[in-house]
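Student: I should like to work through this structure by question and answer. Could we begin with a single side chain and proceed from there to the helices around it?

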Amino acid sequence: MTEIDAKIDALVPAWLTLPDIAEQLGVEVTRVRQLVKEGQLIAVRRGENRALHVPAAFIDGDKVVKGLSGTLTLLRDDGFSDEEALEWLFTPDPTLPGTPAQALSENRGTEVKRRAQALAV
């Protein structure tokens, strides 16, 4: 869990609080905190109250976006911090097209993971 900087805050179109995510997923807030702790989600402190927020693009209806957890693991293995991972996920990539986060939500995770793996080379 990290503080958000203005650049990344501007890249991410929408955010959800942990209670909002818990409601969408139909779980307790403690389970959402566990997902963050396990690295399956990235949460940052933002807003007036410095509450924890997760990019809305990471949640698809009542589940975490398919392929997100594996992509985050690859990025961390490549040495990315949470801030750098968010920046990479929400920066447009003309070869996808769109952002890696959009591609994940469109079930194009294989393409995103390929690009994440190539970052390590």
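Student: Which residues does threonine 71 touch, not counting residues up to four places away in sequence?

Tutor: The model is a predicted one. Threonine 71 is placed in helix α4. Leaving aside residues up to four places away in sequence, its contacts are Trp88, Leu89, Leu104, Val112 and Lys113.

Student: Is threonine 71 buried or exposed, and what is its relative accessible area?

Tutor: A residue counts as buried under 20% relative accessible area. Threonine 71 meets this cut-off and is therefore buried, its relative accessible area being 0%.

Student: Which elements do the buried residues of α4 pack against?

Tutor: The buried residues in α4 are Leu68, Thr71, Leu72, Leu74 and Leu75. Viewed down the axis of α4, they fall within an arc of 160°, so they line one face of the helix. An α-helix has 3.6 residues a turn, so residues three or four places apart point the same way. The buried residues of α4 pack against β6, α5, α6 and α7.

Student: How are α4 and α7 oriented to each other?

Tutor: Two packed helices are described by the angle between their axes and the distance between the axes. For α4 and α7, the axes come within 9 Å and cross at roughly 10°. Angles under 35 degrees count as roughly parallel. The orientation of α4 and α7 is therefore roughly parallel.

Student: Which residues make the contact of α4 and α7, and what is its make-up by class?

Tutor: From α4, the contact is made by Gly70, Thr71, Leu74 and Leu75, and from α7 by Val112, Lys113, Ala116 and Gln117. By class, the contact of α4 with α7 has four nonpolar, three polar and one charged residues.

Student: How are α4 and α5 oriented to each other, and what is the hand of their crossing?

Tutor: Helix α4 (residues 68-77) packs with helix α5 (residues 82-90) at an angle of about 120°, and their axes are 10 Å apart. Therefore α4 and α5 are oblique to each other. The crossing in which α4 passes α5 is right-handed.

Student: Which residues of α4 and α5 meet, and what classes do they belong to?

Tutor: On the α4 side are Leu68, Thr71, Leu72, Leu75 and Arg76, which meet Asp82, Ala85, Trp88 and Leu89 in α5. By class, the contact of α4 with α5 has six nonpolar, one polar and two charged residues.

Student: What is the phi of glycine 79, just after α4?

Tutor: Glycine 79 comes just after α4 and takes a positive phi. The value for glycine 79 is about 95°.

Student: What covers the buried residues of α3?

Tutor: In helix α3 (residues 29-37), the buried residues are Val32, Leu35 and Val36. Seen down the axis of α3, these fall within an arc of 100°, so they line one face of the helix. On the other side of α3, Thr30 and Lys37 are exposed. The cover over the buried residues of α3 includes α2 (18-25) and β6 (63-64).

Student: What is the phi of glycine 39, which follows α3?

Tutor: Glycine 39 follows α3 with a phi that is positive. The phi of glycine 39 is near 85°.

Student: Which residues that are not a glycine have a positive phi, and what are the values?

Tutor: Most residues other than glycine have a negative phi, and most peptide bonds are trans. Arginine 50 is in the loop between β3 (44-46) and β4 (51-55), and asparagine 107 is in the loop between α6 and α7 (109-118). At 33% relative accessibility arginine 50 counts as partly exposed, whereas asparagine 107, at 53%, counts as exposed. The positive phi is about 55° for arginine 50 and about 60° for asparagine 107.

Student: Where is there a cis peptide bond, and what is its omega?

Tutor: Proline 97 lies in the loop between α5 and α6 (100-105). A cis peptide bond joins leucine 96 to proline 97, with an omega of about -20°.

Student: What separation do the C-alpha atoms of alanine 10 and alanine 120 have?

Tutor: Alanine 10 lies in helix α1 (residues 6-11) and counts as exposed at 64% relative accessibility. Along the chain, alanine 10 and alanine 120 are 110 residues apart. The separation of their C-alpha atoms is 26 Å.

Notes:
Residues numbered from 1 in each chain as written. Predicted model: local features only at pLDDT ≥ 70, side-chain atom pairs only at ≥ 80, totals over all residues. Heavy atoms only, no water. Helix = DSSP H or I, 4+ residues; strand = E, 2+ residues; numbered from the N terminus. Buried < 20%, exposed > 50% of the residue type's maximum accessible area, 1.4 Å probe, protein only. Axes fitted to C-alpha atoms, helices over the stretch in contact; angles between N-to-C directions. Parallel < 35°, antiparallel > 145°, perpendicular 65-115°, else oblique. Left-handed = near helix turned anticlockwise from the far one by under 90°. Contact = heavy atoms within 4.5 Å. Nonpolar A, V, L, I, M, F, W, Y, C, P; charged D, E, K, R; others polar. Arc of directions from axis to C-beta.
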